[in-house]
Amino acid sequence: MKGIRVLIVDDSAVMRKIVERCLRQAGIDVKEVIEAANGVEGLAAVQQGPMDLILSDINMPAMDGLEFLQGLRGLDNAKNTPVVMITTEGSESRVVEALSAGARGYIRKPFTPDQVKERVSPLLDGAR
Amino acid sequence: MNRSLAERSASRARPDASWQVMMQAAIREVFQLMVGTDIQPADPPPESPSGGVSAMVGMAGALCGVLRLRCSEQTAVSIATKMLGGHEPGALSDTCDAIGEISNMVAGNFKAKIAGLCDACMLSVPTVVVGVDYDVYSLASPERVEVSMTYEGQPLWVGLEISS
Ligand SMILES: [Mg+2]
């Protein structure tokens, strides 16, 4: 998939930069990165225009990642966008919760660029 | 708190000798993967924690307590710089952000290593304090797991205070 638009939602600006770097290191052709510090900002960004990929933290102030996932369900712009959660919460119940709320994948922090590639690339190949 | 967490937290996790080893392993993995630096346990450990940057993450569920990571501001800037791919953080807030995330990942990675804890304990958003002139008061006298590490020759201390 060429020149994708990615939304990275995380309350940590440093983590958003790390995720972006991992995507580029993974050889994913990123055209544009939009950053959001919580779910509210994330939903606003999706309303501005559709994304090809969304990566979201879970633990965030204002609106957490699971509420963000629920909010995305109501947006036409997000219908075909794969969402991958990137979080320190590695518990099975949280993974199940995120997947049943519509996430397509789950990456636990700390992670390697290879892990990001492994989870994200198959979602992009099947997207178009 | 979801139902399974409430159920599981009925049985409190109790620290044993393995927790210190698990904590060291959790810290080393986070630093290897996110900072690109191999850090080692301090030998001998310093007498008391020092440094002007402290990050705290609350834990609730089968384990209730606070994980605290402390290092000097210089060390914190170095860690943040490496996390940012060699770009020095523009502001103190970016340094705090980086140290907060490190503490969050250490707490998450640690609980994932303790049997029965991963699913039964949740983490708070991290808080970072800058400055050396502060005291921490706990209501109960808590059990502690403390680990002193060496990051590029400089001390880095992680303590887990377990309440209740
Ligand atoms: Mg977060």
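**Salt bridges and a magnesium site in a predicted model**

Modeller: A network of salt bridges links A:D10, A:D57, A:K109 and B:E101. This is a predicted model, in which local features need pLDDT of at least 70, side-chain atom pairs count only at pLDDT 80 or more, and totals for chains, interfaces and linings use all residues. Residues are numbered from 1 along each chain as its sequence is written, chains are lettered from A and ligands numbered from 1 in the order in which they are written, and side-chain values use heavy atoms, with hydrogens and water left out.

Biologist: What makes the contact of A:R24 with A:E20 a salt bridge?

Modeller: The term requires a side-chain nitrogen of Lys or Arg within 4 Å of a carboxyl oxygen of Asp or Glu. The closest N and O atoms of A:R24 and A:E20 are 2.9 Å apart, so the pair meets the rule. By this rule, the count over all chains is 13 salt bridges.

Biologist: Why are A:R24 and A:E20 separated by about one helical turn?

Modeller: Because they lie 4 residues apart in helix α1 of chain A. A helix here is a DSSP run of H or I with at least four residues, a strand is a run of E with at least two, and both are numbered from the N terminus.

Biologist: Which of the two is called buried, and why?

Modeller: Buried means under 20% relative accessible area, exposed over 50%, and partly exposed in between (1.4 Å probe, protein chains only). A:E20 has 16% and is therefore buried, whereas A:R24, with 41%, is partly exposed.

Biologist: How do you know that B:D38 and B:R28 form a salt bridge?

Modeller: Their side chains meet at 2.9 Å, N to O. The pair links distant parts of the chain, with B:D38 in the loop between α2 (18–35) and β1 (40–41) of chain B and B:R28 in helix α2 of chain B, 10 residues apart. B:D38 has a relative accessible area of 45% and so counts as partly exposed; B:R28, at 26%, is likewise partly exposed.

Biologist: What makes an atom a donor of the magnesium ion?

Modeller: Donors are N, O and S atoms within 2.8 Å of the metal (3.2 Å for Na, K and Ca); water is not among the atoms, so sites may look incomplete. A:D11 (OD), A:D57 (OD) and A:N59 (O) coordinate the ion at 2.1 to 2.4 Å, so they satisfy the cut-off.

Biologist: Why is A:N59 called buried?

Modeller: Its relative accessible area is 13%, and therefore A:N59 is buried. A:D11, at 24%, counts as partly exposed.
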